[in-house]
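Here's a small set of exercises to work through with the model open beside you. Try each task before reading its solution.

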2 protein chains.
Amino acid sequence: MHSQVPSENQLAQQFGVSRMTARRALTELTDERVLKRSQGLGTFVAESVAASSLLEVRNIADEISARGHSYSNRILLAQECMASADVARALEVPEQAKVFHSIIVHCDNGLPIQWEERFTNPALAPDYLEQDFVHTTPNAYLSKVAPLTQADTTVEAIAAEAAIAHALEIAPGDACLQVWRRTKSRIGTVSFARLVHPGNRYRLGAQLRF
Amino acid sequence: MHSQVPSENQLAQQFGVSRMTARRALTELTDERVLKRSQGLGTFVAESVAASSLLEVRNIADEISARGHSYSNRILLAQECMASADVARALEVPEQAKVFHSIIVHCDNGLPIQWEERFTNPALAPDYLEQDFVHTTPNAYLSKVAPLTQADTTVEAIAAEAAIAHALEIAPGDACLQVWRRTKSRIGTVSFARLVHPGNRYRLGAQLRF
DNA sequence: TGTATATTGTTGTATATACAAGAATGGTTA
DNA sequence: TAACCATTCTTGTATATACAACAATATACA
């Protein structure tokens with residue numbers, strides 16, 4: 001369904017801005033794959049690509065129960081803090097702005113399987129700290145508050161530091177899979193998470209089709 | 001090192017364009033994470049971390065040269081062998097069938113960055129061993145022979161074993177990112193690769209849009 | 001009727017201008 | 001010395017203008 005969007009000039013007139021600013025908005029939406037434009041024809045809403053969730057952002061509690069295992073967690077920390085330089089950049093907030101900081105360890109049949117350290121933008125999820133994370137994961141709450149439009153993920157291998165090794169019940173220095181994930185909604189960057197998995201208890205899979 | 005880039009006005013004057021077009025170029029490079037800008041301070045080249053996308057199968061030689069670094073490799077092994085049970089299952093050939101087996105270490109500016117151990121189906125790439133892998137990577141050759149239609153990828157963290165540690169110039173037991181990748185073409189399973197990266201020299205990235 | 005041409009409306013590109021906002025510097029003053 | 005302020009340079013935002021490139025449509029003409 002190629003539904004057409006008003007032209008730059010129409011939008012400019014309609015919203016009382018110049019054509020160039022209307023154009024910039026359309027360009028940004030085009031960069032985000034929301035719109036498609038073609039010279040001489042016009043601007044159209046883009047076909048929503050059959051969200052073939054290759055590397056989907058799933059709730060780990062759901063994953064574990066989908067395997068028929070029991071899910072449990074331990075909340076190590078849930079508080080407000082000041083954004084460090086890295087966190088501020090990731091969340092696109094000013095440095096030393098107040099952000100929510102939580103650390104939760106997720107267990108599969110009682111065995112720790114993920115260290116989830118998360119920084120959340122209070123502007124987009126103000127009730128974050130009031131959630132009952134024993135029964136709702138941060139992921140589930142955030143998905144409800146602000147539907148995700150984008151996720152940037154980075155994967156690397158690290159040696160477990162002391163605190164993480166203790167929480168995951170592995171030896172310090174053991175290989176871990178570390179995932180950095182920044183999730184964005186339409187309004188802005190919602191959350192920045194560091195997920196650490198024991199290397200011998202977890203794998204990441206992706207199936208690509210071309 | 002935070003090397004600074006000329007300001008918008010300087011670039012405009014230097015290249016004889018207006019400030020706005022110089023600015024647009026800088027903005028695009030910033031969107032691509034090539035530059036970082038901050039108001040009042042200036043524009044800087046962003047730290048380029050060795051990272052590749054989890055969602056695409058790219059030639060590592062191209063990735064390295066795209067970063068402006070020099071690519072080199074060491075061929076540790078290139079021969080025919082009998083398929084083990086795992087390899088046979090992955091390649092969908094009978095057990096103990098003849099398959100090609102190669103081990104190549106890829107280097108970025110002389111520093112080992114990937115151990116590539118690959119099993120290839122001779123039926124789909126008969127000339128595999130005749131390739132000059134000093135100048136053509138297995139990836140490049142296979143893509144030419146049989147266009148990929150699917151890739152199954154698994155990522156995990158492991159401790160480096162002796163042979164790999166030696167080849168990658170890291171200590172045994174150091175954390176490594178291990179990627180298993182099985183690539184299929186329309187006709188069948190082409191290749192099965194085990195890619196091991198030093199954890200502190202490599203990252204995998206993925207950007208998802210919903 | 002069929003074909004060429006002109007017109008209109010669209011996006012794409014480049015420019016010039018003005019001012020706001022942030023950060024560092026230097027000088028003045030208490 | 002310490003605090004304050006003005007200046008300057010930077011990026012960020014918004015606007016207005018002109019023209020190019022492309023596509024569809026209307027018009028004129030053979």
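**Exercise 1. Find out how Glu116(B) and Arg118(B) meet, and whether each is buried or exposed.**

Step 1: look at the side chains. Glu116(B) and Arg118(B) meet in a salt bridge, 2.7 Å from N to O. The term stands for a side-chain nitrogen of Lys or Arg within 4 Å of a carboxyl oxygen of Asp or Glu.

Step 2: check accessibility. Glu116(B) counts as buried at 3% relative accessibility, and Arg118(B) is buried too, at 8%. The classes, with a 1.4 Å probe and protein chains only, are buried under 20% relative accessible area, exposed over 50%, and partly exposed in between.

Before going on, a word on the ground rules. This is a predicted model, where local features need pLDDT of at least 70 and side-chain atom pairs count only at pLDDT 80 or more, while totals for chains, interfaces and linings use all residues. Residues are numbered from 1 along each chain as its sequence is written, chains are lettered from A and ligands numbered from 1 in the order in which they are written, and side-chain values use heavy atoms, with hydrogens and water left out.

**Exercise 2. Trace the salt bridges of chain A that involve Glu8(A) and Arg194(A).**

Step 1: start with Glu8(A). Its partner is Arg23(A), and the closest N and O atoms are 2.6 Å apart. Glu8(A) sits in helix H1 of chain A and Arg23(A) in helix H2 of chain A, so to speak distant parts of the chain, 15 residues apart. Helices (H or I, at least four residues) and strands (E, at least two) are DSSP runs, numbered from the N terminus.

Step 2: compare burial. Glu8(A) is buried at 10% relative accessibility, whereas Arg23(A) is partly exposed at 31%.

Step 3: move to Arg194(A). Its side chain forms a salt bridge with that of Glu117(A) (3.4 Å, N to O). Arg194(A) belongs to strand E9 (residues 189-198) of chain A and Glu117(A) to strand E6 (residues 111-120) of chain A, so the pair ties together parts that are 77 residues apart in sequence. Both Arg194(A) and Glu117(A) are buried.

Step 4: put the count in place. Over all chains there are 18 salt bridges.

**Exercise 3. Describe the protein surface near DNA strand C.**

Step 1: list the neighbours. DNA strand C is surrounded by 21 residues, and the closest are Arg19(A), Arg37(A), Thr21(B), Arg24(B) and Gln39(B). Sugar and phosphate make up 65% of the strand C atoms that come within 4 Å of the protein. A residue is near the strand if one of its heavy atoms lies within 4 Å of it.

Step 2: pick out atom pairs. A polar side-chain atom of Arg23(A) is 3.5 Å from a phosphate oxygen of DNA strand C. The bases are approached as well: a backbone N or O atom of Gly40(A) lies 3.4 Å from a base oxygen, and a side-chain N or O atom of Gln39(B) is 2.7 Å from a base nitrogen.

Step 3: sort the surface. H2(B) gives the most, with four residues. By class there are four nonpolar, eleven polar and six charged residues. Here Ala, Val, Leu, Ile, Met, Phe, Trp, Tyr, Cys and Pro count as nonpolar, Asp, Glu, Lys and Arg as charged, and the others, Gly among them, as polar.

**Exercise 4. Work out the setting of His106(A).**

Step 1: place it. His106(A) is in strand E5 of chain A and is buried, with a relative accessible area of 0%.

Step 2: find its partners. The His106(A) side chain makes a polar contact with the side chain of Glu116(A) at 2.5 Å. That means a pair of N or O atoms within 3.5 Å; within protein, one must be able to donate a hydrogen and the other to accept it, and residues adjacent in sequence count only if both atoms are side-chain atoms.

**Exercise 5. Which sign does phi have at Glu92(A) and Glu92(B)?**

Step 1: read the angle. Phi is positive at Glu92(A), about 60°, and near 60° at Glu92(B). Most residues other than glycine have a negative phi.

Step 2: locate the residues. Glu92(A) lies in the loop between helix H4 (85-91) and strand E5 (98-108) of chain A, and is exposed at 52% relative accessibility. Glu92(B), exposed at 53%, is in the loop between helix H4 (85-91) and strand E6 (98-108) of chain B.
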